[in-house]
Amino acid sequence: MSVTRETSPAANMKIDGDRLWDSLMEMAKIGPGVAGGNNRQTLTDADAEGRSLFKSWCEEVGMTMGLDRMGNMFMRHEGSEPDLDPVYIGSHLDTQPTGGKYDGVLGVLAGLEVVRSIRDMGLQTRRPIVVVNWTNEEGTRFAPAMLASGVYAGMHDEDYANSREDAEGKRFGDELDRIGWRGTEDVGGRPMHCMFEYHIEQGPILEAEDRQIGVVTHGQGLWWLQVTLTGKDAHTGSTPMDMRVNAGLGMARITEAVHRIAMDHQPNAVGAVGQANVYPNSRNVIPGKAVFTIDFRSPDLEKLTSMRSALEAEATEIAADLGLGIEIEPVGHFDPVTFDADLAQSLRDAADRLGYSHRDIVSGAGHDACWINRVAPTVMIMCPCVDGLSHNEAEEISPEWASSGADVLLHAVLEAAEVVR
């Protein structure tokens, strides 16, 4: 897409960093974790409370809400020409069970802060600005991740999303209705000029290189594969070793294979088993069933495809050798992403105007922007996080990092939305 360089904001335009930080800390009080972070999983009562707080803040500055059937929240700040396609800023408010205070939340509340700052400065843009909270980005309660943005982009249908179940057998659709955040708006098809997503890096590069801003040019693709191994429950003390059908042993061997396959595809490939359960999970019973999820990622589509194929072949052999039944179900996937080059340049230009150090970076994690990139020009901006730690209650950023990225976001959004006064 093209951006209008003539409308580039002056270098002294900045957001209110203290107000952004206060908003982050207030939101963090909802769904507190046990170790200083957050447990505000999607479609829980805490999620509903966080949504209500965000909505109230937006309404205080005159924004109006659209709500679709997946619970995606679209908070609109009007432009001088309401019929023009809006500029979107989006991320998510849901967290991991032991999540931090910034993952996703920073991108939503920084979007709100951009609108607040525009109002404070008495600015008007031609295009409307819409701040989005996408439902169930994390995917920890209802797989796959980025579920509602995936429906929006046409990657999943609504029946599939509504049928997703959590570990207790509760359905996504039922829980969305229960907390009262299902809207009536059709999912997808909103006019979109472009979308920005601001996020913490979730990796160590920016901090290690002392860079304030990451301009995300690409995103890794991923495969999530859920493996179910079926053996036979048996007593650990009285069952001879050569007569066992041990699903736990099969899981261990496949876990080792995942690591080896990822190493064989270096560089720029990763793989691990992150979620694993054995049944009946008793200390004196040989597991008769194991269910676990494999996460393969790479910015190289050929490597990503090759890792999945290698795993499926080797896991099938391992199961056969041990006499186990096996099912392998894909539960999450997206191809590697290339973000919009013009929008990326607008972020670099904004960082230069503001005097902030920056570098191009590839996102190692999945984000809603990866799906929205399929339907509108999209880009991501990142700020550092301490030790690259995320999906952990000890996740931390500094107020200065948060505000620097939000300053760049402000400039890029104003340029895309076209300031008229």
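This passage describes an enclosed strand, the nonpolar cores, and the spaces inside a predicted model. In this model, local features need pLDDT of at least 70 and side-chain atom pairs count only at pLDDT 80 or more, while totals for chains, interfaces and linings use all residues. Residues are numbered from 1 along each chain as its sequence is written, and side-chain values use heavy atoms, with hydrogens and water left out.

A good place to start is strand E15, residues 378-383. Helices (H or I, at least four residues) and strands (E, at least two) are DSSP runs numbered from the N terminus. Six of the six residues of E15 are buried, so the strand is largely enclosed by the rest of the structure; buried means under 20% relative accessible area with a 1.4 Å probe, protein chains only. In a regular strand, side chains alternate between the two faces of the sheet. In E15 both faces are covered, with Thr 378, Met 380 and Met 382 buried on one side and Val 379, Ile 381 and Cys 383 on the other. Two strands pair if DSSP finds at least two bridges between them. E15 pairs with strand E5 (residues 194-200) in the parallel sense over six bridges, and His 199 stands opposite Met 382. With strand E6 (residues 213-219), E15 pairs in the antiparallel sense over three bridges, and here Val 216 has Met 380 as its bridge partner.

Next come the nonpolar cores, which are sets of buried Ala, Val, Leu, Ile, Met, Phe, Trp, Tyr and Cys residues joined through side-chain atoms within 4.5 Å. The largest has 101 residues, and Phe 196 and Ile 397 are among those that touch the most other members. Helix H12 (residues 399-417) gives this core its largest share, eleven residues. Apart from this core lies another, of 24 residues, including Leu 229 and Phe 292.

Finally, the model has some empty space to explore. A cavity is a set of points, on a 1 Å grid over the protein atoms alone, where a 1.4 Å probe fits but cannot get out; lining residues have an atom within 4 Å of a point. Grid points are joined across faces, edges and corners, and a volume is the space filled by probe spheres set on the points. The structure holds one cavity of 30 Å³ or more, and the largest cavity has a volume of about 70 Å³. Its lining includes His 156, Trp 224, His 333 and Trp 371, and strand E12 provides the largest share, three residues.

Terms used:
Buried means under 20% relative accessible area, exposed over 50%, partly exposed in between (1.4 Å probe, protein chains only). On a 1 Å grid over the protein atoms alone, a cavity is a set of points where a 1.4 Å probe fits but cannot get out, and a pocket is an open set with protein on both sides within 12 Å along at least five of seven lines; lining residues have an atom within 4 Å of a point.
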